[in-house]
Amino acid sequence: MSTTAFSQLVDAHYTPLYRFALSLARNQADAGDLVQQTFYIWATKGHALREVSKAKSWLFTTLYREFLRVRRREGRATSIEDLPPSEQDVAAEEIDRARSLDADTVMLALQSVDEVFRAPLTLFYLDDLTYQEIADTLDVPIGTVMSRLSRGKAQLRDSLKKPEKNAQKVVPFNQTKKGQTS
Amino acid sequence: MNNDEAKFILSAYRPSGRDANDARFTEALSQAKQDPALSEWLAQSQALDAVVMKKLSGIVPPAGLREQILAGGKVSQKAPARSRNVGAWLALAASVLVVFVVSEVWLGQKVQAAQHDYAEFAVNDMHNGGHHPPVGEGMEETLVKLASSDLHFINELGLSFEEMKAGGCRTVKCGEREAIELCFNRDGTWYHLYVMPHKKSRGPLLAKSKSYFLAMSDSAAAVWTDGDFEYALVSPKGMNDLKALAG
């Protein structure tokens, strides 16, 4: 792949990939590392991908797998059975409150959502991938994506109601890697 | 399907319209059209989703990340590959290169012509169209963002076509295609940004191309794409001003 083509690929995708990585890793440095690692893998292997149109999906999938690869060492799991679904009514005040928050505060609320729901929820909000692509990226059926989305939204709404608590709740990826817990 | 099931499905329906052609949502959407309570629930749920989407689009990567990625890519691409049949591989590579170069030249000319047409249309429309700033709800933040001196236009816009339409932006026809025009003031100068959905039939052509610049009398236009949309930004202050924004 030419330097120009690689540069154009980076320009086209590194911003949404960074937003996805920031949601997963919960801090800028690790998010940057994840994005760099993803493009590094592309530069060494990904250029062999036959269909260039699938590059975006490939990049999101690779980033998520890289995140899981490191994350898996901790062996931390979340029960998805005990959480309420998100189908309750949304009050107008909730929308106004969210509108009044800045982007970083909303990202912090998103980062406070349990990891198993956070990944599909972030891909939902980034609006870059179709449901089939999201399911392929996360390697789960579409029904599971929707179920996790519903529960992730419930958590996010809860976090948006009390944004001041999210900073304490969110433990950056680099700290959890060192064995600290949230 | 009862309303709880419909809500479960519709909570995954994105306000951007990306899922409009996804058959998984058809039945639940149809039910929402006939049930005012469900319809109201969907509207509120989507309003909240739209706010979160908009906020996330305001997150920008840290300065220097792009350069680090590109530097990493160069280093990894320089790793030598080994092969027993170097001659055959070289011959094959040479043939592929010839085809590639010919294709690139031909495709490059097509892309440049399309970019030129879009830039020319944008400059002409700026001079002849009836402009007005958007007045609808939710456009204030967009205008503030566009006016910010920190914003570099390439890859940082994160605009929503539907929101701009709903926000009262002017719709114009560029050939057979629909574009939206957004007028904004930055440091006392009125700029005109045209946005239209990326034509998928052009494949990755435009997405792979660089920004295209066109100067016409005192004005200048830059054209680029992020893969989802094709943008044309017109400055009444000429080329140097524009290159600082979108170069």
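**Cores, chain contact and sheet in a predicted two-chain model**

Of the 64 residues that make up the largest nonpolar core, those touching the most other members are Leu17(A), Tyr18(A), Ala21(A), Val35(A), Leu63(A), Leu121(A) and Val52(B). The structure is a predicted model, and the values reported here are to be read accordingly. The largest share of this core, twelve residues, is supplied by H1(A). Residues up to four places away in sequence being left out of account, Val35(A) touches Tyr14(A), Leu17(A), Tyr18(A), Ala21(A) and Leu63(A) of chain A, together with Leu65(B) and Ile69(B) of chain B. A second core, separate from the one described above, comprises 30 residues, among them Met164(B), Ile180(B), Leu193(B) and Ala222(B).

The contact between the chains draws on 45 residues of chain A and 41 residues of chain B. On the side of chain A that touches chain B, at least two residues each are supplied by helices H1 (3–25), H2 (28–44), H4 (92–100), H5 (103–111), H6 (115–126) and H8 (142–161) of chain A, and the largest share, 13 residues, comes from H1(A). By residue class, this side of chain A divides into 26 nonpolar, eleven polar and eight charged residues.

Within chain B, helix H1 (residues 3–10) has as its buried residues Ala6(B), Lys7(B) and Leu10(B). Because these residues cover an arc of only 100° around the axis, they are placed on the same side of H1(B). The buried residues of H1(B) pack against two helices of chain B, namely H2 (26–34) and H3 (36–56). Helix H3 of chain B also contains Lys54(B), which counts as buried because it has 22 C-beta neighbours inside 10 Å, the threshold for burial being 20 or more. Between Lys54(B) and Glu163(B) the separation is 109 residues in sequence, whereas their C-alpha atoms are 9.8 Å apart in space.

Chain B further contains an open sheet of six strands, arranged in the order E1-E2-E3-E6-E5-E4 with antiparallel pairing. Strands E1 (170–174) and E4 (212–216) of chain B stand at the edges of the sheet, and each has a single partner strand, so that one side of each is left without a neighbour in the sheet. On average, and with direction ignored, neighbouring strands of this sheet are turned by 25° against each other. Strand E5 (residues 219–225) of chain B runs antiparallel to strand E6 (residues 229–235) of chain B, and six bridges join the two; Thr225(B) has Glu230(B) as its bridge partner in E6(B).

Definitions and conventions
Residues numbered from 1 in each chain as written. Chains lettered and ligands numbered in written order. Predicted model: local features only at pLDDT ≥ 70, side-chain atom pairs only at ≥ 80, totals over all residues. Buried ≥ 20, exposed ≤ 12 C-beta atoms within 10 Å, placed from the backbone. Helix = DSSP H or I, 4+ residues; strand = E, 2+ residues; numbered from the N terminus. Arc of directions from axis to C-beta. Contact = placed C-beta atoms within 7 Å. Nonpolar A, V, L, I, M, F, W, Y, C, P; charged D, E, K, R; others polar. Core = buried A, V, L, I, M, F, W, Y, C linked by C-beta atoms within 7 Å. Pairing = 2+ DSSP bridges. Axes fitted to C-alpha atoms, helices over the stretch in contact; angles between N-to-C directions.
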